[in-house]
Amino acid sequence: MSAGLADDTESLKKRIKKLSAQAIEHKMRLHDLAEELPIAWETIREVAACTHEAYQALAAARTELAGVGGDSG
(Lines give C-alpha, C1' and ligand atoms only; values in the text may rest on other atoms or scores of the structure.)
Protein backbone atom coordinates (compact mmCIF):
# COMPACT_ATOMS: atom_id res chain seq x y z
CA MET A 1 0.00 0.00 0.00
CA SER A 2 1.44 3.36 -0.96
CA ALA A 3 1.92 6.13 1.60
CA GLY A 4 -0.82 8.23 -0.02
CA LEU A 5 -3.29 5.35 0.07
CA ALA A 6 -2.33 4.56 3.67
CA ASP A 7 -2.96 8.19 4.64
CA ASP A 8 -6.32 8.14 2.86
CA THR A 9 -7.24 4.89 4.59
CA GLU A 10 -6.29 6.26 8.01
CA SER A 11 -8.26 9.45 7.31
CA LEU A 12 -11.27 7.38 6.30
CA LYS A 13 -10.97 5.26 9.45
CA LYS A 14 -10.96 8.43 11.56
CA ARG A 15 -14.02 9.68 9.67
CA ILE A 16 -15.78 6.36 10.32
CA LYS A 17 -15.00 6.60 14.03
CA LYS A 18 -16.50 10.11 14.13
CA LEU A 19 -19.55 9.04 12.09
CA SER A 20 -20.02 6.04 14.37
CA ALA A 21 -20.03 8.26 17.45
CA GLN A 22 -22.56 10.58 15.80
CA ALA A 23 -24.77 7.65 14.80
CA ILE A 24 -24.73 6.31 18.36
CA GLU A 25 -25.64 9.75 19.67
CA HIS A 26 -28.62 9.92 17.30
CA LYS A 27 -29.63 6.37 18.22
CA MET A 28 -29.67 7.28 21.89
CA ARG A 29 -31.71 10.40 21.17
CA LEU A 30 -34.25 8.24 19.33
CA HIS A 31 -34.22 5.70 22.14
CA ASP A 32 -34.80 8.40 24.76
CA LEU A 33 -37.62 9.87 22.71
CA ALA A 34 -39.28 6.47 22.42
CA GLU A 35 -39.09 5.91 26.16
CA GLU A 36 -40.65 9.32 26.89
CA LEU A 37 -43.57 8.98 24.49
CA PRO A 38 -46.13 10.48 24.21
CA ILE A 39 -44.11 13.51 25.31
CA ALA A 40 -42.55 15.22 22.26
CA TRP A 41 -44.22 12.81 19.82
CA GLU A 42 -44.17 15.65 17.28
CA THR A 43 -40.41 15.25 16.89
CA ILE A 44 -40.46 11.56 15.96
CA ARG A 45 -39.99 12.14 12.21
CA GLU A 46 -37.17 14.65 12.70
CA VAL A 47 -35.27 12.50 15.19
CA ALA A 48 -35.78 9.36 13.11
CA ALA A 49 -34.65 11.14 9.93
CA CYS A 50 -31.48 12.39 11.61
CA THR A 51 -30.77 8.89 12.91
CA HIS A 52 -31.36 7.40 9.46
CA GLU A 53 -29.03 9.93 7.82
CA ALA A 54 -26.31 9.28 10.41
CA TYR A 55 -26.39 5.52 9.84
CA GLN A 56 -26.61 5.98 6.07
CA ALA A 57 -23.45 8.14 6.14
CA LEU A 58 -21.70 5.57 8.34
CA ALA A 59 -22.64 2.71 6.00
CA ALA A 60 -21.42 4.67 2.98
CA ALA A 61 -18.08 5.40 4.65
CA ARG A 62 -17.66 1.75 5.60
CA THR A 63 -18.42 0.72 2.02
CA GLU A 64 -15.86 3.26 0.79
CA LEU A 65 -13.25 1.85 3.19
CA ALA A 66 -13.98 -1.70 2.03
CA GLY A 67 -13.53 -0.49 -1.54
CA VAL A 68 -10.00 0.71 -0.84
CA GLY A 69 -9.11 -2.53 0.91
CA GLY A 70 -9.39 -1.26 4.46
CA ASP A 71 -11.04 -2.90 7.41
CA SER A 72 -14.65 -1.78 7.83
CA GLY A 73 -14.14 -1.86 11.66
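This report walks through two helices and how they pack.

The model is predicted, so keep its rules in mind: local features need pLDDT of at least 70, side-chain atom pairs count only at pLDDT 80 or more, and totals for chains, interfaces and linings use all residues. Residues are numbered from 1 along each chain as its sequence is written, and side-chain values use heavy atoms, with hydrogens and water left out.

**The two helices**

Helices here are DSSP runs (H or I, at least four residues), numbered from the N terminus. To check a helix's length, take 1.5 Å times one less than its number of residues as the expected span. Here's how that works out:

| Helix | Residues in helix | Expected span | End C-alpha atoms apart |
|---|---|---|---|
| Helix 1 | 34 residues | 50 Å | 50 Å |
| Helix 2 | 24 residues | 34 Å | 34 Å |

Helix 1 covers residues 3-36, and helix 2 covers residues 44-67. Just after helix 2 comes G69, whose phi is positive, near 85°.

**What's tucked away**

Buried means under 20% relative accessible area, exposed means over 50%, and partly exposed is in between (1.4 Å probe, protein chains only). In helix 1, the buried residues are T9, L12, I16, L19, A23 and L33. In helix 2, they are V47, T51, A54, L58, A61 and L65. What do the buried residues of helix 1 pack against? They pack against helix 2, and the buried residues of helix 2 pack against helix 1 in turn.

A nonpolar core is a set of buried Ala, Val, Leu, Ile, Met, Phe, Trp, Tyr and Cys residues joined through side-chain atoms within 4.5 Å. The largest one has eight residues: L12, I16, L19, A23, A54, L58, A61 and L65. Helix 1 and helix 2 each supply at least two residues of this core.

**Two leucines up close**

Contact means heavy atoms within 4.5 Å. Not counting residues up to four places away in sequence, L12 touches A61, E64, L65 and V68. L33, also in helix 1, is buried, with a relative accessible area of 7%. Leaving aside neighbours within four places in sequence, L33 is in contact with I39, A40, T43, I44 and V47. What about G67? L33 and G67 are 34 residues apart in sequence and 36 Å apart in space, C-alpha to C-alpha.

**A residue that isn't buried**

I24 lies in helix 1 too. Is I24 buried or partly exposed? I24 counts as partly exposed because its relative accessibility is 41%.
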